[in-house]
Amino acid sequence: MLVERTALVTGASSGIGEACARQLARAGARVIVTARRRDRLEALAAELDGPIHPLELDVSDHHAVQRALDELPTEWRDIDLLVNNAGLAAGLGPLWDNAPADWWAMLDTNVAGAMSVAAAVLPGMVERGRGDVIMIGSIAGREAYPGGAAYCASKAAVHQLTDALRGDLHGTGVRLCLVEPGMVETEFSLVRFGGDADRAAAVYQDTTPLTADDVADVITWIVDRPDHVEVADVLVMPTAQSAATRVERRR
Ligand code: NDP
Ligand code: 8X3
């Protein structure tokens with residue numbers, strides 16, 4: 001049980017982040033839910049039974065992240081569980097066909113955003129000598145695929161960022177875990193393909209992807225281990241997937 005834990009989940013308006021917020025709240029945690037779409041956060045807070053604090057936040061705005069966390073109401077400030085999840089892919093194609101604005105969106109959100117949130121939350125955890133940080137990487141951070149240059153680079157950076165942070169956190173009592181999912185059916189592909197619902201649906205067609213809840217189950221289990229146990233690194237894929245671009249289809 002996670003009673004008396006204060007969690008911050010980024011990217012909680014959809015997909016993996018939303019599923020984590022639901023499961024952490026169900027396990028008894030108080031949860032700060034953040035994303036850019038305030039209406040979704042408010043709907044989630046209204047629906048969940050328990051203390052939920054919606055916070056509109058663009059993680060790619062470094063100063064806004066620091067300010068928003070500094071200005072949290074006192075009773076929400078001692079965050080001891082962070083799911084550093086907000087992220088996106090924009091486009092799938094050769095680097096030179098991908099708009100530079102899309103590269104920057106991926107790097108600013110997936111890498112710099114994760115750094116800003118970690119940098120704002122970690123000093124409090126280190127001072128209190130406890131806490132859990134879950135970094136959401138991807139199978140794409142281990143294994144690059146054609147068309148994914150900026151996205152794969154961003155998730156490889158999350159992998160290295162996590163490894164470096166592990167050294168920074170040595171001896172502090174703060175636990176850190178890199179969770180690298182394979183294919184998960186969320187709004188991820190809809191965002192990647194600029195709202196093209198048919199193209200997004202085709203990604204998950206004739207196979208059985210993970211659900212956001214499958215990933216949230218793993219995360220909820222990781223943070224509920226006894227204090228002396230640190231799960232450092234998890235690759236979680238659908239059974240039908242054996243590599244980033246190798247997915248079994250039923251046809
Ligand atoms: P979704 O698109 O369903 O959710 C993405 C979340 O990130 C949304 O809540 C979105 O909220 C938020 N977000 C995006 N940009 C920003 C920003 N600048 N500031 C704050 N929040 C932001 O996708 P997933 O749930 O699948 O993705 C969650 C994470 O999991 C991402 O890091 C993704 O890279 C990773 N991942 C996904 C996999 C998959 O197959 N789905 C596999 C491996 C990793 P809003 O738009 O309201 O700001
Ligand atoms: C999302 C999964 O394989 O599309 O990180 O990169 S993949």
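This passage describes the surroundings of two ligands in a predicted model, together with contacts that involve aromatic rings.

Residues are numbered from 1 along each chain as its sequence is written, and chains are lettered from A and ligands numbered from 1 in the order in which they are written. In this predicted model, local features need pLDDT of at least 70 and side-chain atom pairs count only at pLDDT 80 or more, while totals for chains, interfaces and linings use all residues; side-chain values use heavy atoms, with hydrogens and water left out.

Ligand 1 is surrounded by 28 residues (a residue counts if one of its heavy atoms lies within 4 Å). The closest are Ser 14, Arg 36, Arg 37, Tyr 151 and Thr 186. Helix H1 (15-26) and helix H5 (149-168) each contribute at least two residues to this shell (helices being DSSP runs of H or I, at least four residues, numbered from the N terminus). Polar contacts were defined as pairs of N or O atoms within 3.5 Å; within protein, one atom must be able to donate a hydrogen and the other to accept it, and residues adjacent in sequence count only if both atoms are side-chain atoms. A polar side-chain atom of Asp 58 is placed 2.8 Å from a nitrogen atom of ligand 1. Backbone N or O atoms of Glu 187 and Gly 182 lie 3.2 Å and 3.4 Å, respectively, from an oxygen atom of the ligand. The protein covers 96% of the 870 Å² of accessible area that ligand 1 has on its own (Shrake-Rupley method, 1.4 Å probe).

Around ligand 2 are Ser 138, Ile 139, Ala 140, Tyr 145, Tyr 151, Phe 188 and Arg 192. An oxygen atom of ligand 2 lies 2.5 Å from a side-chain N or O atom of Ser 138, and an oxygen atom of this ligand is 2.6 Å from a side-chain N or O atom of Tyr 145. For Tyr 151, a polar side-chain atom lies 2.6 Å from an oxygen atom of ligand 2. Of the 240 Å² of accessible area that ligand 2 has on its own, the protein covers 82%.

Arg 192 also lies over the face of Tyr 151, at 5.4 Å from the ring centre (criterion: NZ of Lys or CZ of Arg within 6 Å of the ring centre and within 35 degrees of the ring normal). Arg 30 is likewise positioned over the face of Trp 76, at 4.3 Å from the ring centre.
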